[in-house]
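Colleague: Please take a close look at the side-chain contacts in this model. I would like the charged pairs and the aromatic rings, with burial where you have it.

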Amino acid sequence: MKATKPLFSSIAALLLSAAVAPIAFGDETPSVKVDPKPIPQTVGVTTFAPVVEKVAPSVVTIATSKMVGKAKNPYFNDPMFRRFFGVPDDGDQDGGGDQTPHGNNRNNGSGKKHLERFGLGSGVIVSPEGHILTNNHVIEGADEIIVTIGNEKKEYKATKIGTDPSTDIAVLKIEPTAKLHEITFADSDKLRVGDFAIAVGNPFGLTQSVTMGIISALGRSDTHITDYENFIQTDASINPGNSGGALVDTEGRLIGINTAIYSRTGGNQGIGFAVPANIAHSVMDSLIKNGKVSRGFLGIALQPLSEDLAKAFKIEGNAGALVAEVTAKSPAEKAGIQSGDVVTEVNGKKVEGPRELQLMVAAITPGTKVPVKVVRDGNEKTVTVELAERPTSRTAANSQPEKSTEPDVLDGVTVGDINGETRKKFDLPESTKGVVITEIDPDSPSGEAGLKAGDVIHEINREAINSAKQAVDLSEKVKKEKKVLLRVSTKGNSRYVVVERKD
């Protein structure tokens, strides 16, 4: 029998981490302004100055500093001295970086640690009590965070309330000495592609810069920026330093937190991404109230339905998410969900694919019982799942290889039993069951389907495989079939693959 290289389709594993670093929590969530009206139609507008005047006082500059050490000998700061004695100019002796430190804390060779400025970004005031939304990557690793409002000279020392790397959102708080101008949230679920978008922030440290564009796309994912991706894409110019700033509509309401750019040069190329305001609001409330973000956990690994997979699992169309693997002792296993099920609805909402299912489940409070509709062997079934809290981290060999001697649909694959030798060679976890592909012909049907050496075959046509001999025997039974359904895994990530015989 033969095997294929792994299929590089997008597999969402609902086991992602939600690491947070709260400093203070337990407070009541702030009373923020929310305007649920639809995004306004803007026709014949000649200026957006009133919008900018309304938003600008809500957008802040965030300067971050880190404790670094200085060399004990002040001569290390002299380039001629360093060159003469061969001291490398790599920042190891002078604490690293060329940024001017905040304040007058430069050490001048005393050997003590001091604060040194290492980043500038943006933030948005969202409550009269001084809560500020920004990006996690703006303040990550900072020992001191200084906030400046608008073009004011006054600086505020900010406290980090909490962070959520999974959405790249962070919440800060300052103690205001005067009335703050908090921004109003829009309902970002009502955005449409083509709506105007205005970005306000501090690109390259240029305070209160404003750019305008449109919403280029909604629900952007697979950007590999964060774990939970549902980005607004805009062509409003966004550059380094805009991170954490405001993306607003033509009424000055917050529709997103500017987060990243897609660029080959490091500068703006017309593709920027923002976290939708509704997601940022929800994350903020969780961080302030609980000190962390609690997300629903189902315990399944997913893959999208291709046309071949939809036919194999008797699904009309390709809507839904195919369960590639069920985590042991997870809510899904307890509810009876099985690998090979296709999830089509959660809590009454239709599932278009793995990303939608991932976001749906994550948004539901742990402990909630939800109906999940699945299709199994062509029949619909509804199960009730009590969601757990998503874990903060993923928990997740060879007798003599036997070969098939007669050409078949799985021809070109050599498999072996999983034992100490193959576990070590292919870095397989102790709990792995099935047979491992030890050799594969890349031109075989399995190779063209994406399988490769080191992949583990768990099932052939829905029949569990426990030994190389069983795999070869079963491959003999299916060798004349046009298509064969395999369940395989690569580095612990399970998926289904349809292998089609060449005519």
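Modeller: What follows goes through the salt bridges, then the ring contacts.

This is a predicted model, so local features need pLDDT of at least 70 and side-chain atom pairs count only at pLDDT 80 or more, while totals for chains, interfaces and linings use all residues. Residues are numbered from 1 along each chain as its sequence is written, and side-chain values use heavy atoms, with hydrogens and water left out.

Start with the charges. A salt bridge here is a side-chain nitrogen of Lys or Arg within 4 Å of a carboxyl oxygen of Asp or Glu. That rule gives 21 salt bridges. Burial is judged by relative accessible area: buried is under 20%, exposed is over 50%, and partly exposed lies in between (1.4 Å probe, protein chains only).

Take E175 and K173. Their closest N and O atoms are 3.3 Å apart. The acid, E175, is exposed at 56%. Its partner K173 is buried at 16%.

Next come D195 and R192. This salt bridge has its closest N and O atoms 3.6 Å apart. Here D195 is buried, with a relative accessible area of 7%. R192 is partly exposed at 44%.

E459 and R462 also form a salt bridge, with 3.9 Å between the closest N and O atoms. E459 is buried at 11%. R462 is partly exposed at 34%.

Some salt bridges join up. D35, D249, E251 and R253 are linked in a network.

Now the rings. Rings of Phe, Tyr and Trp (its six-membered ring) pair if their centres lie within 6.5 Å; planes under 30 degrees apart are stacked, over 60 edge-to-face, and the rest tilted. The count is 3 aromatic pairs. One of them joins F231 and F273: the centres are 5.8 Å apart, the planes meet at 45°, and the pair is tilted. This pair links distant parts of the chain, 42 residues apart. F231 lies in strand β12 (residues 231-234), and F273 lies in strand β15 (residues 272-276). Strands are DSSP runs (E, at least two residues), numbered from the N terminus. Both partners are buried: F231 at 2% relative accessibility, F273 at 6%.

One contact brings charge and ring together. The charged end of K154 sits over the ring of Y156, 5.1 Å from its centre. The rule asks for NZ of Lys or CZ of Arg within 6 Å of the ring centre and within 35 degrees of the ring normal.

Note on methods. Helices (H or I, at least four residues) and strands (E, at least two) are DSSP runs, numbered from the N terminus.
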